[in-house]
Amino acid sequence: MGCNRNCGLVAGAVIGAVLAVFGGILMPVGDMLIEKTIKKEVVLEEGTIAFKNWVKTGTDVYRQFWIFDVQNPDEVTVNSSKIKVKQRGPYTYRVRYLAKENITQDPETHTVSFLQPNGAIFEPSLSVGTEDDTFTILNLAVAYNNTADGIYKVFNGKDDISKVAIIDTYKGRKNLSYWSSYCDLINGTDAASFPPFVEKTRVLQFFSSDICRSIYAVFAAEINLKGIPVYRFILPSFAFASPFQNPDNHCFCTEKIVSKNCTLYGVLDIGKCKEGKPVYISLPHFLHGSPELAEPIESLSPNEEEHSTYLDVEPITGFTLRFAKRLQVNMLVKPAKKIEALKNLKHNYIVPILWLNETGTIGDEKAEMFRNQVTGKINLLGLVEIVLLSVGVVMFIAFMISYCACRSKRVN
């Protein structure tokens with residue numbers, strides 16, 4: 001009887017040890033299987049999850065415009081007064097609903113090229129007025145029309161998953177010809193996705209044709225988005241800092257007068273890529289900008305929540321599941337003796353014309369599919385690993401204690 005009992009205790013301990021070992025082995029093996037599956041599914045080629053969502057996004061993307069309506073144009077032109085503006089909006093358009101065109105795979109370079117159509121549908125129910133509303137603004141043709149963007153050529157990740165979605169060339173070039181030195185390079189992805197297995201320490205680089213440059217985002221927080229853990233990356237103020245604050249930005253300063261010897265920060269002269277128009281880009285309401293930018297403009301009220309740019313990235317796949325891109329279009333106005341409306345101006349103005357908020361969030365159906373196909377399976381595997389390891393260890397310890405107790409009792 002004692003032998004049977006001892007044998008049972010030993011057998012229980014052995015089973016516990018086996019479960020614990022199996023759970024321990026499953027951890028690296030499971031991680032390896034997950035990594036292998038992810039590497040397969042994020043490649044930009046026919047038949048993968050990434051390719052299907054890359055060709056045509058399943059997310060509704062909206063671009064909202066707020067117009068700065070000038071309230072005192074006569075005072076400004078006659079007395080060089082402060083400009084009083086009234087923000088009017090939003091005027092909302094649905095964008096990015098068209099599939100990529102001219103998709104061409106190049107097996108030799110492991111790249112895929114495409115053209116991105118830029119259609120826009122006005123959404124009256126999400127707007128404060130109609131497209132026929134009138135405003136008093138400066139006469140500036142803002143380059144946000146329905147032309148296509150590209151051609152882009154990006155790495156498909158077939159040979160190297162760490163390069164997937166990274167832009168190789170834009171319009172056939174690896175640089176933009178707008179800036180000097182490394183500022184002119186086209187870096188990173190288009191921000192719709194990034195190479196998988198994103199860590200918090202990674203700096204996410206991406207190119208935006210809207211601002212005519214490459215830029216970057218840094219980790220800010222962990223967030224739960226519709227049951228999916230994501231990392232929020234934000235555009236840091238350092239990205240638009242002056243060269244005195246951030247020496248890496250020296251090649252974005254292209255002149256000395258308006259920039260006050262490159263000390264002005266929070267604004268970027270993009271005239272070279274806007275057909276020579278005196279266009280300046282900033283964050284809305286000159287967020288993170290030099291105080292002198294907002295000083296001659298009344299009624300501006302910058303705040304992080306409404307005016308900052310962020311990306312919510314699922315770290316395992318690298319997919320951007322929610323984003324908000326906010327920027328402001330401004331125009332440089334200078335005194336000009338030969339122009340009646342400008343001859344009485346006493347100083348330069350960088351005048352806000354409009355600001356836009358482009359947002360997109362993964363839909364409920366897509367989120368459910370993502371949970372089922374990606375995060376759900378990973379969480380289940382992790383749970384099985386922990387249960388096996390925990391139960392195995394507990395069983396081993398409990399049966400070994402009982403066995404030792406029985407042995408001690410028999411000796412006594």
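Two aromatic rings of Phe, Tyr or Trp count as a pair here if their centres lie within 6.5 Å, with the six-membered ring used for Trp. The legends below all describe a predicted model.

**Figure 1. Aromatic pairs, with Tyr152 and Tyr170 in close-up.** Searching the whole structure turns up twelve aromatic pairs. The one shown here, Tyr152 with Tyr170, is tilted, with 4.8 Å from centre to centre and 50° between the planes. Tyr152 belongs to strand β6 (residues 149-155) and Tyr170 to strand β7 (residues 167-170), so this pair ties together parts that are 18 residues apart in sequence. Both partners are tucked away: Tyr152 is buried at 6% relative accessibility, and Tyr170 is buried at 9%. Widen the view and you will find one aromatic cluster made of Phe51, Trp54, Phe114, Tyr152, Tyr170 and Phe207.

**Figure 2. Charged side chains over the rings of Phe155 and Tyr310.** In the first panel, Lys163 places its charged end over the ring of Phe155, at 4.0 Å from the ring centre. In the second panel, Arg232 lies over the face of Tyr310, and here the distance to the ring centre is 3.7 Å.

**Figure 3. Thr189 and its surroundings.** Look for Thr189 in the loop between β7 and β8 (204-208). Thr189 has a relative accessible area of 1%, so it counts as buried. Its side chain reaches two backbone atoms: the nitrogen of Ala191 at 2.9 Å and the oxygen of Ser193, also at 2.9 Å. Leaving aside residues up to four places away in sequence, Thr189 touches Val164, Ala165, Ile166, Ile167, Phe194, Pro195, Gln205, Phe206 and Phe207. One of these contacts, Ile167, is 22 residues from Thr189 in sequence, yet their C-alpha atoms are 5.4 Å apart in space.

**Figure 4. His307 in helix α5.** This histidine is found in a helix that spans residues 304-307. His307 is buried, at 2% relative accessibility. Beyond four places in sequence, His307 touches Leu283, Pro284, His285, Leu287, Ser301, Pro302, Arg326 and Trp355.

**Figure 5. Two cis peptide bonds, at Gly89-Pro90 and Gly150-Ile151.** Most peptide bonds are trans, so cis bonds are worth a closer look. Gly89 and Pro90 are joined by a cis bond with omega at about 5°, and Pro90 is found in strand β2 (residues 83-95). The other cis bond shown joins Gly150 and Ile151, with omega at about 20°. Ile151 is part of strand β6, the strand that also holds Tyr152 of Figure 1.

**Figure 6. Positive phi at Lys226 and Ser299.** Most residues other than glycine have a negative phi. Lys226 has a positive phi of about 55° and lies in the loop between β9 (213-225) and β10 (228-234). Lys226 is partly exposed, at 33% relative accessibility. Ser299 has a positive phi of about 85° and lies in the loop between β13 (297-298) and α5. Ser299 counts as exposed, at 54%.

**Figure 7. Confidence along the chain.** The mean pLDDT of the protein is 83, and 79% of its residues reach 70 or more. Among the elements, helix α1 (residues 2-41) has the lowest mean pLDDT, 56, and strand β14 (residues 310-313) the highest, 97. Over residues 139-143, pLDDT stays under 50, and the model has ten contacts for this stretch beyond four places in sequence.

How values were computed: Residues numbered from 1 in each chain as written. Predicted model: local features only at pLDDT ≥ 70, side-chain atom pairs only at ≥ 80, totals over all residues. Heavy atoms only, no water. Phe/Tyr/Trp six-rings, centres within 6.5 Å; stacked < 30°, edge-to-face > 60°. Helix = DSSP H or I, 4+ residues; strand = E, 2+ residues; numbered from the N terminus. Buried < 20%, exposed > 50% of the residue type's maximum accessible area, 1.4 Å probe, protein only. Lys NZ or Arg CZ within 6 Å of the ring centre and 35° of its normal. pLDDT = per-residue confidence, 0-100. Contact = heavy atoms within 4.5 Å. Polar contact = N/O pair within 3.5 Å; in protein donor to acceptor, adjacent residues only side chain to side chain.
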